[in-house]
Structures are given as C-alpha cells and as structure tokens.
Amino acid sequence: MTSALLTALVPGAAQAADSETDRGGWTARISRTEYGVPHVLAYDFGGLGYGYGYAFAQDNLCQLADQVVTARGERSRHFGPDGQSVDRVGNLVSDTYQQGVLRTGTVKRLLATPAPLGPTDEARQLVDGYVAGYNRYLRDTGPDHLPDPSCRGKDWVGPITADDLWNILYEVNTMAGSAAAKKQIATAVPGAGAVPAAGDGPTAGAGPAGETSEQAAAVPLIGAPGRSADNPELGSNAWAIGRDASRNGNGLLLANPHLHWAGPERFYQAQLTIPGVLDIAGAGLYGIPFLQIGHTRGLAWSHTTSYADHYALHRLTLVPGDPTAYLVDGKVERMVQEKVQVAVRAADGTPTTVDRTVYRSRLGYVLADGWTGQYAYTFGDANAENLRSLNQWLAVGRAQNLDQLRQAQRTYQGLPWVYTTAVDSTGTTWFTDASAVPHLPDEQLGRCLAAVTPLGPVLDGSTTACDPGSDPDALVPGVFGPANQPSLTRTDYVANANNGPYLTNADAPITGLPTVYKGASERMLRSQLSLRMIAERRSGTDGLGAPGFTLNTLQATMFGNRVQSAELDRDDAVTLCRAHPVIAGSDGNPVDVRPACDVLAAWDTRADADSHGTVLWQAYRDALARTGTTAWQTVPADPAQPLTTPRGIDAANPDAQRALADAVKDLATRGLPVDAPIGSVQRWAGIPLHGCSHQLGCFNVVMTAGPDSGTGGGTYPTDLRAVPHGASFVMATELTDHGPRTRTLLTYGESANPTSPHYTDQTRAYARKQWMTERFTEAEIRTAPGLTVTTLRR
C-alpha cells in the first residue's frame with residue numbers, strides 16, 4: 001500500500017478517524033472507482049468488514065436500517081400494523097413471525113456452536129467489523145443529516161448490532177422455506193384452519209384409507225423463490241464456458257442473477273481484499289457482509305435459484321379434543337407454543353402491544369390452512385439450522401480452483417437454496433446443487449404420501465418412518481449430503497437457467513435424481529434458448545463470428561435480446577393473422593388485426609428497447625395463456641426435442657384466433673399502438689429498458705410493472721410486483737494467464753438513494769448496453785479517473 005493512495009481522503013474522513021477513542025486496531029481503505037464501486041482493502045477480517053460496512057452505509061444505510069427493523073420484529077411499532085413489509089405480508093404478520101423466530105433462540109444457539117455448524121472466527125470478525133463500520137458512518141454523519149431523505153431523522157434509524165446482522169443472514173437462508181410462509185405461520189390458530197372448498201385447494205392425491213377428498217385438499221399453498229405463482233420471473237442465468245468451448249482455451253463465466261430491483265434482494269458491487277489472504281470481486285445481497293457471486297484470480301462462479309424442494313410438508317394426526325397435541329408412533333406429543341408480544345403503534349400514535357402465539361411441532365412450524373380438529377399441517381425447513389452460509393462464502397472467496405471450491409462446500413454445506421456454476425483457470429467447469437434439500441428418496445415419498453399439492457407432496461406426520469432421513473456425509477440431519485447431490489464436471493460448458501439440473505449440459509443429461517431435486521422437468525422457454533445460444537456460439541451460427549466464446553462474444557450473447565417463443569412461433573402467428581384479418585374477440589366484437597400482421601411480420605424477434613413487435617407479442621402470449629389450454633399448439637413437448645418443443649400455433653384454432661384479437665384490443669385499451677417499442681412501456685426512473693419477460697423466453701429477463709416503474713429510491717417497496725425484476729448484477733469474466741478480465745453492470749446502480757450520483761448511472765449504461773471494465777489489480781485501481789480514497793481507523 002503506497003502513501004499516495006492514503007492522501008486522497010474524502011472531506012472529514014481524516015478528522016473523524018483521529019477523533020476515534022475506542023480503538024480496536026482495525027484499518028480499512030475504501031477506493032472508489034467508476035460508478036462508485038468500492039474496493040475495500042484491510043489486513044484482517046474485522047478491518048475488511050469495517051470498511052465494507054462503512055462503504056455500504058454511505059450508499060444504502062436506509063435500506064439496511066429497514067432490514068434491521070424487520071429482523072427485530074418491530075415494523076408495527078414504527079410503521080403501524082396495517083402496512084406491509086417487502087414480502088407483501090402485513091407488518092403485524094411479519095413481526096409475529098420474526099418474534100417467533102427470535103423466541104426459538106435458534107440463531108443465538110447456533111452462534112454459540114463451534115464451526116462448521118456455527119460461525120468461524122473469520123465470519124464473526126467480519127460481522128463485528130461490518131456492524132462497527134455501519135455505526136461509524138451513522139455516528140459521523142448523524143441521523144438528521146443522512147443524504148437519503150427516506151430515512152433522514154427517522155426514529156427507526158439507529159445503531160445496529162451483530163445479532164441484527166446474523167438474524168438477517170438467517171432470514172436470507174430461509175427465504176425458500178419458512179420465511180416464504182410467514183403468513184401461514186404467524187396466523188395459525190388451533191382448529192381454526194378453513195378447509196378449501198372443492199376446486200379451491202391444491203390438487204389432492206390418494207390419501208390414507210378413510211380420508212375424504214376434502215380433507216386431502218386442506219393443504220396450504222406456500223410460495224418459494226423462483227417457483228411461486230406470483231413470482232414466476234425470479235431465477236437467474238449462469239454459464240461456465242470451458243476450454244473446449246472458448247476460442248483461446250480460457251475459462252469464462254457469465255453471471256446473470258434475476259432478482260427485484262428494490263428491497264433486500266438488490267446486489268451491491270464491491271472488491272474485498274486482504275493482501276496474501278483474500279481478493280474477491282463481485283456482488284453481494286444487501287445485509288450480508290460478503291459477496292455471493294464473483295471471482296478471484298483463478299476461479300469464477302455464480303448462483304441461480306435451485307428448483308429443488310427446500311422444505312417438507314407433513315400432516316399431523318391430532319389427539320381428539322386437543323388440537324395442540326398430535327400422535328407420533330402411537331404416542332402423544334405436544335406442540336411448542338411460542339407466545340410473543342408485538343409492539344404496535346396505533347393510528348393516533350398510541351403505543352400498545354398485541355399478543356400472538358406461534359406453534360411448532362417436532363417437524364417444524366404449524367400452518368394456518370387445514371388446521372382442523374383432526375389434522376394440522378407442519379412445515380419443515382431444510383435450512384432451519386443453517387447459519388453456515390457466511391462460512392461457506394468466505395471459504396469460496398479464498399478459493400483459486402474447483403478443488404478448493406468443492407472442499408469449501410463439503411466443509412460447510414451452507415448454501416441455502418441456490419445452484420452453483422463455476423469455472424477455474426484450467427478451463428474446467430462445474431455445476432452442483434449443493435443446497436439444503438430434505439432427504440426424501442422416492443420410495444419414501446411414495447410410501448408416506450398423504451396428499452399432493454402444486455408445491456410438493458404432503459407426508460404422513462404420524463410416524464417417524466416418514467421423517468426426512470440423513471446421509472453419512474451431511475453436517476446436519478434430514479438433508480442429502482454432498483455425495484448424493486447433483487453435480488457435473490465438463491471441459492466444454494455447464495449452464496443453468498433454472499428448470500432443474502437435468503440439462504446442465506445438453507450432451508450430458510443428469511439423470512436418476514430423487515424427485516425432490518426436480519431433475520427431468522420440461523424445459524422453460526428461457527432454459528431452451530440458453531442452451532441453443534451456447535450451441536450456436538460453439539458452431540459459429542449465431543452471427544457473432546468464428547466459433548467459440550471470447551469475452552466479447554459472451555457479452556454480445558448476453559444482450560442479444562433473443563426471444564425463444566418468437567423464434568419458434570412468430571411465423572405461425574403471422575400466418576394465422578393473414579388468414580383471418582378480422583377476428584371476434586372474447587367479448588364477441590370483431591377486431592381488425594391486419595395492422596398487427598404487418599407489425600409481427602416486420603419484427604426482428606428481439607427485445608431491444610426500440611424493437612417494434614415485442615409489446616404486441618407479449619400481449620398475444622398473455623392472451624394465449626389466459627385461454628387455459630395448449631390445444632392451440634401444433635407440436636407437443638417431445639423429450640427427443642427438448643430445446644424446440646412444445647411449439648407452433650394452429651391457425652385454425654379458435655382460441656389462438658381470439659387471443660390475437662384480444663391482444664390487439666388490449667393494446668388499444670391501454671392507449672398503445674400495435675407497433676409500440678418495448679422501451680416505451682418498460683422504464684425505470686424514465687430510462688427505456690431492453691429485455692423482456694421470462695414467459696416470452698427472453699434470456700435477458702427485465703420486466704417492469706408499467707410505463708415507468710418509478711424511482712426505486714427510498715425504503716422498501718410495499719409490493720415487489722410494483723418494481724422491475726430481472727437482470728441485476730451482470731458479470732462476464734475470462735480467466736487468463738495474466739489474471740481475470742471482467743466486464744460488469746449493476747443495472748440499478750450502487751445506491752438506492754435518489755440523491756446519489758450512483759443512483760441510476762449504471763441503469764443508463766445498461767440502456768446503452770455499455771459494460772464497465774472492472775478494475776481488479778492495485779495498478780488498475782490507482783489509475784481510475786476520479787478515484788477517491790477513504791482511510792478508516794478504529
């Protein structure tokens with residue numbers, strides 16, 4: 001570290017550092033390069049966390065303060081009980097659930113447990129430093145002088161603790177489990193669960209003898225990231241390109257996580273360095289003091305949402321006359337009742353408390369739906385004992401090759417609900433689902449099945465023979481161990497665009513997996529296009545030049561904005577349109593569709609911001625989906641053609657015809673011409689965006705809620721459906737003999753504060769398809785235009 005790099009301090013930083021009285025020996029340097037990306041350098045993990053926490057607070061203190069309020073179960077106290085948290089549940093429900101989690105003492109117990117089940121010393125130091133860095137910035141700036149008006153001077157902004165951060169980490173780890181079922185858990189009342197009427201509940205399977213179909217249907221509908229009906233876009237793309245598929249034999253990685261552009265699912269880009277120990281660049285989720293996606297000098301990796309089950313549902317047989325007791329192997333067991341008091345601010349500001357009870361069985365939380373006098377349903381989260389994820393990400397951040405990455409995963413087994421796609425400098429690639437998945441082999445599922453729901457089977461909870469089992473190499477009981485997790489090593493490529501691990505490589509299907517891993521599922525349109533684009537780049541038939549991937553062609557492929565459904569079906573739609581120029585819509589009124597024929601015929605089948613036809617195509621596909629049938633398709637799904645079926649539109653099919661009329665009418669109702677470019681209806685803070693929906697088969701997923709999805713500033717939105725989602729942190733990396741070459745884009749910028757210069761600067765770059773060249777080495781950082789350096793000492 002040169003003295004020159006320590007002189008360009010931000011105003012006031014040196015004075016603030018000298019005024020510190022409680023010195024813990026931590027020193028951190030924060031160098032900010034283009035777009036405000038912080039490069040944090042320290043000499044121990046406490047100092048690294050100190051610098052990272054300070055840098056994050058500079059950009060997003062209000063967002064983390066809101067996460068802390070949620071993790072403490074204090075939303076109703078500050079915002080009233082009737083508001084909503086970011087996951088669209090009421091504040092009182094959110095607080096009840098969170099207070100129940102705190103009452104269990106799970107996080108505190110795990111914190112008192114030695115590693116690997118509890119945090120490593122490095123992880124503890126990182127968290128302690130991060131908390132101190134956040135609090136340092138808040139103290140230096142003062143709550144009344146914070147730059148973000150959304151929390152300036154608010155009573156809910158104050159110092160945070162290490163416990164706050166660990167509770168946030170636990171919340172993230174359970175996002176695909178209990179945290180996705182907050183309402184069901186927080187509102188459960190003994191014997192009060194309504195039984196869904198016929199047709200209202202999930203599809204019931206064959207239940208035990210004597211069970212009625214109504215009882216079998218009394219099963220809760222629980223969402224999970226990436227697979228819930230109201231969040232179909234959540235997911236990601238990740239490609240690891242090996243030496244046999246790259247033009248020069250180097251390994252390359254494309255990271256393209258799809259998450260919401262507001263709330264705790266946002267990414268923050270950074271580089272974290274401890275000389276001789278750790279040097280990682282990439283991005284991490286808000287509230288987690290380390291990076292989850294990124295690269296070191298010799299390794300690059302990304303995560304995508306795992307479509308495996310991360311929870312198990314069981315039906316409890318209750319003791320007659322006592323809805324809080326149940327039978328297990330013929331013996332009576334009682335539910336644990338966690339009584340909580342939630343502080344509530346009334347509409348007139350008067351403080352009060354509300355008493356609630358959260359119920360747990362030996363298999364997990366008890367749910368509201370279906371809790372009658374005879375049965376109750378319980379939710380077993382495979383991540384209920386997982387505070388290990390930070391251990392694992394720290395170990396991965398030090399890895400330089402796939403062997404070290406695998407060892408990190410075997411040692412800590414902390415990934416909660418994501419796949420891993422990786423490549424190292426030898427040009428070898430690897431895919432795995434190392435997430436926590438309930439140990440439920442198919443034989444056990446069949447033997448124990450009590451009902452079937454769209455989100456998984458419900459098992460018989462009256463016998464321990466139906467409890468999740470364990471593998472000898474699993475750190476915790478109830479989950480599959482590393483030896484039985486899906487994985488694939490290749491020197492050409494591995495890729496995932498969700499949909500399960502089956503076609504991680506089109507030439508090497510992963511077969512024989514337990515059903516809970518969702519292996520051989522039908523390919524989604526986006527997953528189909530993902531594998532097609534890789535094949536066409538390898539053969540050089542995609543119009544991007546000679547065969548094989550380079551860093552430039554990887555970037556061009558990412559933002560090519562191809563649309564799989566259009567490539568398969570647009571010509572059939574034009575044929576239908578030409579054959580039926582006037583079509584009666586669903587309301588019976590005739591619609592002249594001839595202008596739509598011309599638009600579709602001229603469309604380039606891309607989702608560029610100025611592409612004319614994407615908006616019309618989206619309206620048509622939406623109308624086709626509303627028909628509730630696929631009879632309009634001419635070629636059904638064919639396992640022998642997984643990347644191009646199902647496809648085709650039957651021009652003679654009445655549903656397909658009416659859908660086109662409805663689409664044209666829908667655009668007219670919205671005041672949109674049939675040739676509206678997608679950039680005219682898809683904007684963020686006024687900036688036209690390219691990309692389109694997952695349902696259309698866009699690889700570059702970007703979807704907004706309307707013509708302009710607002711600013712994205714302030715604290716968490718009350719409804720994630722009102723903000724864009726899709727491409728967030730995009731990273732293309734090539735691992736060369738001289739080190740990594742990386743291009744990145746953080747689509748919404750480093751700061752959610754609308755007054756920050758780094759609020760939408762990268763959004764404008766995204767709109768131009770302009771990538772940022774990452775600065776990784778000390779020399780590259782030192783020569784950045786407009787470089788600012790802050791040195792912190794504690």
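**Figure 1. Helix H10, a mostly covered helix.** Helix H10 runs over residues 389–397 and is mostly covered, with 8 of its 9 residues buried. In this predicted model, the buried set in H10 is made up of Ser389, Leu390, Asn391, Gln392, Trp393, Leu394, Val396 and Gly397. And what do the buried residues of H10 pack against? There are helices on the list, namely H2 (45–71), H6 (121–141), H7 (162–173) and H11 (402–412). Strands turn up there too: S6 and strand S8 (299–305).

**Figure 2. Strand S5, covered on both faces.** Zoom in on strand S5 (residues 267–274) and you find 8 of its 8 residues buried. Phe267, Gln269, Gln271 and Thr273 point one way from the strand, while Tyr268, Ala270, Leu272 and Ile274 point the other way. Both sets are buried.

**Figure 3. The strands that pair with S5.** Strand S2 (residues 38–42) pairs with S5 in the parallel sense, over 3 bridges. Here Val40 stands opposite Leu272 of S5. With strand S6 (residues 278–285), S5 pairs in the antiparallel sense instead, over 8 bridges. Look for Ile274, whose bridge partner in S6 is Leu278. The S5 and S6 hairpin has 3 residues between the strands, and Gly276 takes a positive phi near 75° there.

**Figure 4. Trp239 and Phe699, a ring pair that links distant parts of the chain.** The chain comes to 21 aromatic pairs. One of them joins Trp239 and Phe699 in a tilted arrangement, 5.0 Å centre to centre with 35° between the planes. Where do the two partners sit in the chain? Trp239 belongs to strand S3 (residues 235–241), and Phe699 lies in the loop between strand S25 (687–688) and strand S26 (702–703), so to speak a long-range link of 460 residues. Trp239 and Phe699 are both buried.

**Figure 5. Tyr419 and Phe431, another tilted pair.** Why does the pair of Tyr419 and Phe431 count as tilted? The ring centres are 5.2 Å apart and the planes of Tyr419 and Phe431 meet at 50°, so the pair is tilted; the tilted class takes what is neither under 30 degrees nor over 60. Tyr419 sits in strand S16 (residues 418–424) and Phe431 in strand S17 (residues 429–432), 12 residues apart. Buried or exposed, these two? Tyr419 is buried, and so is Phe431.

**Figure 6. A ring cluster, plus charges over rings.** Ring pairs link Tyr52, Phe56, Tyr130, Tyr268 and Tyr286 into a cluster. Tyr268 also appears in Figure 2, among the buried residues of S5. For charges, check Arg315, whose charged end sits over the ring of Tyr375 at 4.1 Å from the ring centre. Arg406 does likewise with Trp430, its charged end sitting over that ring, 4.9 Å from the centre.

**Figure 7. The whole chain, for context.** Zooming back out, the chain has 20 helices and 31 strands. How many residues does the chain have, and what share of them counts as buried? There are 794, and 61% count as buried. Among contacts with a separation of 6 or more, residues 24 or more positions apart account for 69%. As for surface, the chain exposes about 27,700 Å², with carbon and sulfur atoms supplying 52% of that.

Definitions and conventions: Residues numbered from 1 in each chain as written. Predicted model: local features only at pLDDT ≥ 70, side-chain atom pairs only at ≥ 80, totals over all residues. Heavy atoms only, no water. Helix = DSSP H or I, 4+ residues; strand = E, 2+ residues; numbered from the N terminus. Buried < 20%, exposed > 50% of the residue type's maximum accessible area, 1.4 Å probe, protein only. Contact = heavy atoms within 4.5 Å. Areas by Shrake-Rupley, 256 points an atom, 1.4 Å probe, with all protein chains shown as cover. Pairing = 2+ DSSP bridges. Phe/Tyr/Trp six-rings, centres within 6.5 Å; stacked < 30°, edge-to-face > 60°. Lys NZ or Arg CZ within 6 Å of the ring centre and 35° of its normal.
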